[in-house]
Amino acid sequence: MANPFTLRVIAPDAPFCNRNKELQDLQRHAANQTNVVVFSPRRYGKTSLVKRVQASLEQQGFLTCYVDLFMVTGLEETARRIARAVWTVLHRHESLLAKGSRFLKIFSTFRPVLKPSAENGFTLSVESVSTALPGIEVLDKTMEEFGNFIEREKPKLHFVMDEFQEVTELKEPAVEGILRKHIQHHPASYFFVGSRRRILLDMFNQRNRPFYRSAIMYPLDELPRPELVPFIRERFASEGKECPPPVAEAVSQRTGQHPYYAQALAYHTFDLAGPEVRPEDVDAGFERLLASERYAFEAMVQGLTGPQISLLRALAASPTARILSSDYIARHRLTVGGVQYAQKKLLQLDLIEKRNDVWQVVDPVFAIWLSRY
Ligand SMILES: Nc1ncnc2c1ncn2[C@@H]1O[C@H](COP(=O)(O)OP(=O)(O)OP(=O)(O)O)[C@@H](O)[C@H]1O
Ligand SMILES: [Mg+2]
């Protein structure tokens with residue numbers, strides 16, 4: 001009996017809970033050549049969702065490029081990842097590639113290198129043509145040449161830049177300007193995807209920033225309970241286990257309908273349960289979940305200062321509308337100055353947020369872990 005729950009990015013043809021409206025909205029924006037910022041806390045299913053959008057766009061004849069900017073280390077590497085994303089999609093569309101070598105000449109900055117691989121025929125990597133050019137010029141040229149390609153070939157084009165906030169970590173003020181300069185002229189739809197919401201929102205909503213108001217802001221919420229509960233039950237049933245509605249409800253409720261945690265708790269619960277899932281299995285599953293997430297939580301806390309950890313703990317134990325009230329500060333042994341600095345940093349890291357006017361820890365399971373230990 002295989003476990004029907006998954007902790008990975010969900011492939012476009014694998015079972016997926018809801019997101020029907022999001023899929024429709026995003027496909028429409030793509031077809032309209034509109035740029036969109038898709039943002040949410042971590043592990044809400046952004047990547048799975050945009051991959052699904054792209055799979056459907058492919059069927060409608062779009063070329064869909066996907067670049068992951070996670071831990072990108074410089075401008076040259078940003079350009080390299082973009083070039084690779086473009087060549088990867090052209091390589092997949094063999095008929096396009098067969099049209100001639102002109103596709104291979106899109107970029108003068110890089111050349112594609114195909115190496116045979118055991119799994120799927122070939123792997124594609126990218127080599128620099130000239131190492132002498134500064135990174136900034138490589139990125140500028142790569143984006144310009146990509147624009148020329150779009151103009152020449154006129155494909156219906158959709159481009160996802162995942163973990164887009166990472167470009168701000170490059171500490172190269174020019175990067176946003178260069179990307180924006182080219183993207184604004186591309187007849188295509190770009191999706192900028194990320195989970196550091198403060199950073200992304202600032203990038204697209206501050207007047208002095210190149211991307212100011214250049215995209216639709218599209219937040220992603222947790223999964224709706226009426227969809228999640230039957231989804232959990234069906235998944236259990238698909239592998240022969242009966243999960244009564246109140247038990248599925250408990251999985252949904254204990255994780256606050258958080259997409260990843262709902263899957264992860266259901267995964268552990270499935271592992272523990274017999275043919276009929278019991279509430280105790282969910283309790284035991286939750287302990288397993290905490291035990292396995294512990295390492296990620298420890299890493300999240302590791303880089304923080306004392307006052308930041310104190311504020312996190314305070315908000316985990318008691319979310320509040322009035323973070324700076326003297327009562328709250330005294331009760332949690334905080335200081336006004338400490339809270340102000342810590343609040344700013346924790347917001348940047350997307351560890352805390354103000355939701356329905358209440359300050360709280362973003363990640364519901366992290367909050368439970370913090371208040372326990
Ligand atoms: N619609 C959904 N139905 C069921 N499970 C989902 C759904 N969306 C996301 N998940 C669960 O959430 C997990 C995280 O998904 P994904 O990696 O796409 O999120 P993400 O927002 O891109 O995460 P990150 O912030 O880490 O990049 C998936 O492995 C899956 O378990
Ligand atoms: Mg992702």
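Let me begin with strand β9, residues 358-361, where the side chains alternate: W359 and V361 point to one face and are buried, while V358 and Q360 point to the other and are not. Buried means that 20 or more other C-beta atoms, placed from the backbone, lie within 10 Å of a residue's own; with 12 or fewer it is exposed, and in between partly exposed. In a regular strand, side chains alternate between the two faces of the sheet.

This is a predicted model, in which local features need pLDDT of at least 70, side-chain atom pairs count only at pLDDT 80 or more, and totals for chains, interfaces and linings use all residues. Residues are numbered from 1 along each chain as its sequence is written, while chains are lettered from A and ligands numbered from 1 in the order in which they are written.

The partner of β9 is β8: the two run antiparallel, joined by four bridges; pairing requires at least two DSSP bridges. E353 stands opposite Q360. Two residues separate the strands in this hairpin, and N356 in the turn has a positive phi of about 45°.

I turn now to helix α14. Helices (H or I, at least four residues) and strands (E, at least two) are DSSP runs, numbered from the N terminus. The buried residues of α14 are V339, A342 and L346. They lie on the same side of the helix because they cover an arc of only 75° around the axis, taken from the directions from the axis to the C-beta atoms. V336, G337 and K344, on the other side of α14, are exposed. After α14 comes D350, with a positive phi near 60°.
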